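Student: I am new to this structure and would like a close look at one single part. Please choose a residue, and then lead me from there to its surroundings.

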Amino acid sequence: MVVAVGFEGSANKVGVGIVRDGEVLSNVRDTYITPPGEGFQPSETARHHRAKVLDILRRALEEAKITPQDVDCICFTKGPGMAAPLTVMAVVARTVAQLWNKPLVGVNHCVGHIEMGRLITGAQNPTVLYVSGGNTQVIAYSRQCYRVFGETIDMAVGNCLDRFARVLKISNDPSPGYNIEQLAKEGKKFIQLPYVVKGMDVSFSGILSFIEKAARKKIAKGECTAADLCYSLQETVFAMLVEITERAMAHCGSQEVLIVGGVGCNKRLQEMMGVMAKERGAMLYATDMRFCIDNGAMIAQAGWEQFRSGGVTPLEDTWVTQRFRTDDVHVAWRE
Amino acid sequence: MDYRLRLRVPFASAQDASIALNTLVVDKEPKPDICRRTMDVQDNTLLVTFEATELRTLRVASAWFMDMLQLTCETIDAFSLPA
């Protein structure tokens, strides 16, 4: 049996998860929530993680009912993400690895999402849509590499939604995207927005500028409501994502699609992707908030795979990095 | 480099001091041309020297370092294996 502890803190979530041979033993998480209208800044986020991480580690060990002696490897997010919060988690991971005399495994955050999605849903070889506050990519596996078929050319889709939520002063608790999703259910009127698909890539910054302006003008004039705009924004950006995902599936002849990342728990996105999958005779796989949103278990799971295929990171190479491409990882654990 | 800060941090044991050193030495100063950090361990004491071209950068670098030093110390206190 191999037991992996995973530390995640690349954005505003701090989490520690423990996985034993495909079984999630614990997955403790805390979210840094900012006031409405404000985003999270690196140094404040790092301070939050610093204050929480040791208690979260203690709870993760307790819930998993394991002792340090049972642990085989210490996994942590090497990148991509915000440098200061990443460093906080790496410092704790390095310290416990030395105290317990265990090897360290530096994990790519995006690969963590993919491996967690595969574990939870049982999808074998899916085309992956990875959508979150920091990343937007369509990914397919080929020859020990998660290849990026398409991606955003500017901001992530989650960042677009989060920043629109700030304009409307929507609450960030539990997350701005969740509150947009709820508000969108009350939307009645579709406001035409730019639709920006460029080949396999998408762009969101122009849509955000457009809708920010529309929010100020149209709501003041009574031409539409905040709910109408949330609804229109979701319909537009999700249609773009479904379009590029479908094109990737057609190209790969794929019969499975997996949605991962924080935006992946949006029910409307899952519904739209489900319609596309059904029309193609393909299967849709998605997970809920526990595993879609950043968590420690996803780092433990990807690290567990990496550890078993010999992917240990020497202590001196455990530095963190803001840029770490999904396709930079040698996926030695897959055929 | 006009400004210099020297820290001497005593630990309970030489082993704890070297764990802190090995943990903190991995993260390099982002701009070595304006702020450099060197570290060593003597017995149970961690020795740290910062050198910077400006007082402000020295303050920023050392404040962040102290935060990470405190975090590794708290981790050692909370998660050391019973001897």
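**A buried threonine and its surroundings**

Tutor: Thr23(B) has its place in helix α1 of chain B, where helices (H or I, at least four residues) and strands (E, at least two) are DSSP runs, numbered from the N terminus. This is a predicted model, in which local features need pLDDT of at least 70 and side-chain atom pairs count only at pLDDT 80 or more, while totals for chains, interfaces and linings use all residues. Residues are numbered from 1 along each chain as its sequence is written, chains are lettered from A and ligands numbered from 1 in the order in which they are written, and side-chain values use heavy atoms, with hydrogens and water left out.

Thr23(B) counts as buried because its relative accessibility is 0%; buried means under 20% relative accessible area, exposed over 50%, and partly exposed in between, with a 1.4 Å probe and protein chains only. Apart from neighbours within four places in sequence, Thr23(B) is in contact with Val91(A), Arg94(A), Thr95(A) and Gln98(A), and also with Thr72(B), contact meaning heavy atoms within 4.5 Å.

Helix α1 of chain B spans residues 14-24, and its buried residues are Asp16(B), Ala17(B), Ile19(B), Ala20(B), Leu21(B), Thr23(B) and Leu24(B). An α-helix has 3.6 residues a turn, so residues three or four places apart point the same way. The cover over the buried residues of α1(B) includes α2 (83-99) of chain A, and from chain B it includes β2 (35-42), β3 (45-52) and α2 (55-79).

Strand β3 of chain B holds Leu46(B), which is buried with a relative accessible area of 0%. Not counting residues up to four places away in sequence, Leu46(B) touches several residues, among them Ala17(B), Ala20(B), Leu21(B), Met39(B) and Leu69(B). The C-alpha atoms of Leu46(B) and Asp16(B) are separated by 9.4 Å, although the two are 30 residues apart along the chain.

In the loop between β2 and β3 of chain B we find Asp43(B), which is exposed, with a relative accessible area of 65%. Asp43(B) is not a glycine, yet its phi is positive, at about 50 degrees. Most residues other than glycine have a negative phi, and most peptide bonds are trans. Chain A offers another positive phi in a residue other than glycine, near 45 degrees at Asp21(A), in the loop between β2 (13-20) and β3 (23-31) of chain A; Asp21(A) counts as partly exposed, at 34% relative accessibility.

Turning back to helix α2 of chain A, the loop between β4 (73-79) and this helix holds Pro80(A), and a cis peptide bond with omega of about -5 degrees joins Gly79(A) to Pro80(A). A cis peptide bond also joins Asp173(A) and Pro174(A), with omega of about 0 degrees, and Pro174(A) is placed in the loop between α4 (157-167) and α5 (176-184) of chain A.

As a wider frame, chain A has ten helices and twelve strands, and 58% of its 335 residues count as buried. Its C-alpha trace spans about 65 × 45 × 30 Å along the principal axes.
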